[in-house]
Amino acid sequence: MTNKYLSIYNTIVDQIKSGQILPQTLLPSENELTEHFQTSRETIRKALNLLSQNGYIQKVRGKGSIVIDVSKFDFPVSGLVSFKELGQKMGRKPRTIVNELELMKPDGYIRQQLQLTGKDQVWKVVRTREIGSEKIILDKDFLNKKFVPELTEEICADSIYEYLEKDLNLTISFAKKEIVVEEPTDEDRALLDLDGFHNIVVIKNLVYLDDASLFQYTESRHRPDKFRFVDFARRTH
């Protein structure tokens with residue numbers, strides 16, 4: 001049967017996701033799996049290759065296949081996805097806590113990032129993102145008031161992007177991103193559950209509208225154990 005390996009793959013994925021097979025454990029050997037599933041070695045190899053490609057196992061020479069911790073959330077590096085959209089894809093009910101919302105004169109760093117003058121004003125929004133009762137992301141957004149005249153705590157607790165696109169009819173088009181690893185700040189430690197973590201993964205975004213207007217600078221500060229940052233790359237010839 002051509003789909004036998006897919007059925008074996010799905011069975012093992014279900015066992016990993018449900019916790020029947022724990023992270024860091026070795027899968028049974030190819031011979032044992034062949035016997036268990038009453039199939040050919042070739043079929044088992046196809047299933048194991050698919051598990052490896054999709055990040056469920058790591059093949060280690062001389063040891064076998066070790067199960068990788070999949071309790072991480074895929075975070076698309078190249079996409080522009082709001083946290084609300086990300087939560088819906090995860091099938092989890094995330095919670096957003098608005099820590100700060102103010103209209104302010106930008107400091108030198110934000111002025112430089114958003115190419116503003118001393119007369120411009122920005123909305124500063126600081127939000128903690130909670131998934132499964134753990135505070136694991138701190139989002140700091142700075143939005144040019146010229147493009148976003150009004151902003152409320154209610155909008156920030158739901159989805160700023162949804163408000164911009166549906167209510168203000170703005171078309172968010174593209175972003176330039178930089179990913180760095182930093183030591184947590186006092187603010188990170190106060191607003192996130194960082195016990196035992198000494199690093200934080202920071203994605204800095206400059207976000208543009210479809211007419212190439214730069215309207216937002218954001219720092220998304222992630223606890224490192226809960227995310228894998230995914231992208232699709234193709235080698236060009």
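Six strands make up an open sheet here, running E4-E5-E6-E9-E8-E7 with antiparallel pairing. Strands (E, at least two residues) and helices (H or I, at least four residues) are DSSP runs, numbered from the N terminus, and two strands pair if DSSP finds at least two bridges between them. At the edges sit strand E4 (95–104) and strand E7 (172–182), each pairing on one side only. Neighbouring strands of this sheet are turned by 15° against each other on average, direction ignored; the axes are lines fitted to C-alpha atoms, with angles from 0 to 180 degrees between N-to-C directions.

This is a predicted model, so to speak up front: local features need pLDDT of at least 70, side-chain atom pairs count only at pLDDT 80 or more, and totals for chains, interfaces and linings use all residues. Residues are numbered from 1 along each chain as its sequence is written, and side-chain values use heavy atoms, with hydrogens and water left out.

Now for one pair inside the sheet. Strand E8 (residues 200–209) goes antiparallel with strand E9 (residues 214–222) over eight bridges. Lysine 204 has glutamate 219 in E9 as its bridge partner.

Most residues other than glycine have a negative phi. Two loop residues here go positive:

| Residue | Phi | Loop | Relative accessibility |
|---|---|---|---|
| Asparagine 169 | near 55° | between helix H7 (160–166) and E7 | 61%, exposed |
| Alanine 212 | near 70° | between E8 and E9 | 46%, partly exposed |

The accessibility classes are buried under 20% relative accessible area, exposed over 50% and partly exposed in between (1.4 Å probe, protein chains only).
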